[in-house]
Amino acid sequence: MRKPWMVGVLAGLLLLGACGDPSSGPESAAPVPSAPKASSTTHQRPAATPEAESSTRAGTGASAGASSGTGTGSGTPSQRSRPTVLYLGDSLAMENQKVLGGLMRDELKARYTSAPYSGTTLCDYLEGTGKDSLVPPKDKAAALVRSLRPDFVVLQFWGNAWGYTPCMDGITHDKARDKYFARYTADARRLTDQIAGAAGGARPKVVWVLQGPDPMTPDRVRRVNAIYERQAAASGDLLADAGKAVSPASARYTWTQYLPCTAYEREHKPYCTQPGSDRTALHIDDDYLHFCLVPTTTTPRPCPVRSPGILRITRAITRAVASQLD
């Protein structure tokens, strides 16, 4: 195993970076650099997309607010409608948000708003967590649902429970596994209930994004995904198995840094990072968690380069939403 990767794995237990998506969409971002370096992490307001028809203020720290066009809130939008999509999550959502927005607008003609916060967990988006939260009151899930009236709320959370996540009350996977999973189960239920309550009679569909493999605690991600699966089944919501798109075909929960290039990646050469061996990079050497192919920065931002893992994940999410529009 390569030494830089091992250093990154150990650092990953303490840090959650805030990488993101290409600043101008999948086809126009800069080429992938060849020599990434490590960076630290901070937690602050996200680079959001407050207007479906306007450009995202990527990396400015602007929060979502309520300036997007409102949706139908119908729960099952028709194929002819323009669905309104709200995207919430942690640093993985932070790095994905612009690519996902581009796909939602281009393929689904969606009105799209994102409000991710790096390092967050489900409880951060719950109303009532007050000061013990990394998300301010105006960007809580229920607050944004009330203002935006979305048709879909996409939730992407890797399963954070580090010591710096105040609303988890010190419950961490390494020290209290049963409490950790019980808390995640309860928070998934509470968050679903708050989203439904905020919407009134016209409830949006919640899309739970299933996560990719974790090389340090592989069973943790499997069990977190199972929580999302049970919650979606209990409330009649949706799953987007984005993690499958960044896993080996025959080993859903086996972590890998590289995968064979897809047909799309071969046709769009910057996405097939090692064409000579017909494989593409999902992670840089010193970051086993994020999919942005440059290091995370002290200021959370959408990823500034083309990154195959991000495109694979966001296409899976887009397909899940599109399946409800047929």
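The expected span of a helix is 1.5 Å times one less than its number of residues. Keep that in mind for a moment, and note that what you're looking at is a predicted model.

Let's try the rule on helix α7, which covers residues 308–322. With 15 residues at 1.5 Å each step, α7 should span 21 Å, and its end C-alpha atoms are indeed 21 Å apart, so the two agree.

**The overall layout**

Stepping back, the protein has 7 helices and 7 strands. Follow the sequence and you get the pattern α-β-α-β-α-β-α-β-α-β-β-α-β-α. Of the 326 residues, 58% are buried. Among contacts with a separation of 6 or more, 73% join residues 24 or more positions apart. As for the outside, the protein exposes about 12,800 Å², with carbon and sulfur atoms supplying 54% of that.

**Back to α7 and the core**

How many of the 15 residues of α7 are buried? The count is 12, so α7 is mostly covered, buried here being under 20% relative accessible area. Among them are P308, L311, I313, I317 and V321.

I317 turns up again in the largest nonpolar core, a set of 46 residues. Together with M104, V154 and V207, I317 touches the most other members of that core. Several elements chip in at least two residues each, including α7 and the ones in this table:

| Element | Residues |
|---|---|
| β1 | 84–89 |
| α2 | 91–108 |
| β3 | 152–156 |
| β4 | 205–209 |
| β5 | 238–240 |
| β6 | 258–260 |

There's another core too, lying apart from this one; it has 36 residues, and V145, L148, C167 and I171 are among them. As a general point, nonpolar side chains in soluble globular proteins tend to be buried together.

Which residues does M104 touch, once its neighbours within four places in sequence are left aside? M104 is in contact with V85, K109, A110, Y112, I317, T318 and V321. Three of these names, I317, T318 and V321, are also on the list of buried residues in α7.

**A look at A199**

Now for a residue in helix α4, which takes in residues 177–199: A199. Is A199 buried or exposed? Its relative accessibility is 2%, so A199 counts as buried. Neighbours within four places aside, A199 is in contact with V145, R149 and P204. V145 is a name you've already met, as one of the residues of the 36-residue core. A199 and A142 sit 57 residues apart along the chain, yet their C-alpha atoms are separated by 7.9 Å.

Terms used
Residues numbered from 1 in each chain as written. Predicted model: local features only at pLDDT ≥ 70, side-chain atom pairs only at ≥ 80, totals over all residues. Heavy atoms only, no water. Helix = DSSP H or I, 4+ residues; strand = E, 2+ residues; numbered from the N terminus. Buried < 20%, exposed > 50% of the residue type's maximum accessible area, 1.4 Å probe, protein only. Core = buried A, V, L, I, M, F, W, Y, C linked by side-chain atoms within 4.5 Å. Contact = heavy atoms within 4.5 Å. Areas by Shrake-Rupley, 256 points an atom, 1.4 Å probe, with all protein chains shown as cover.
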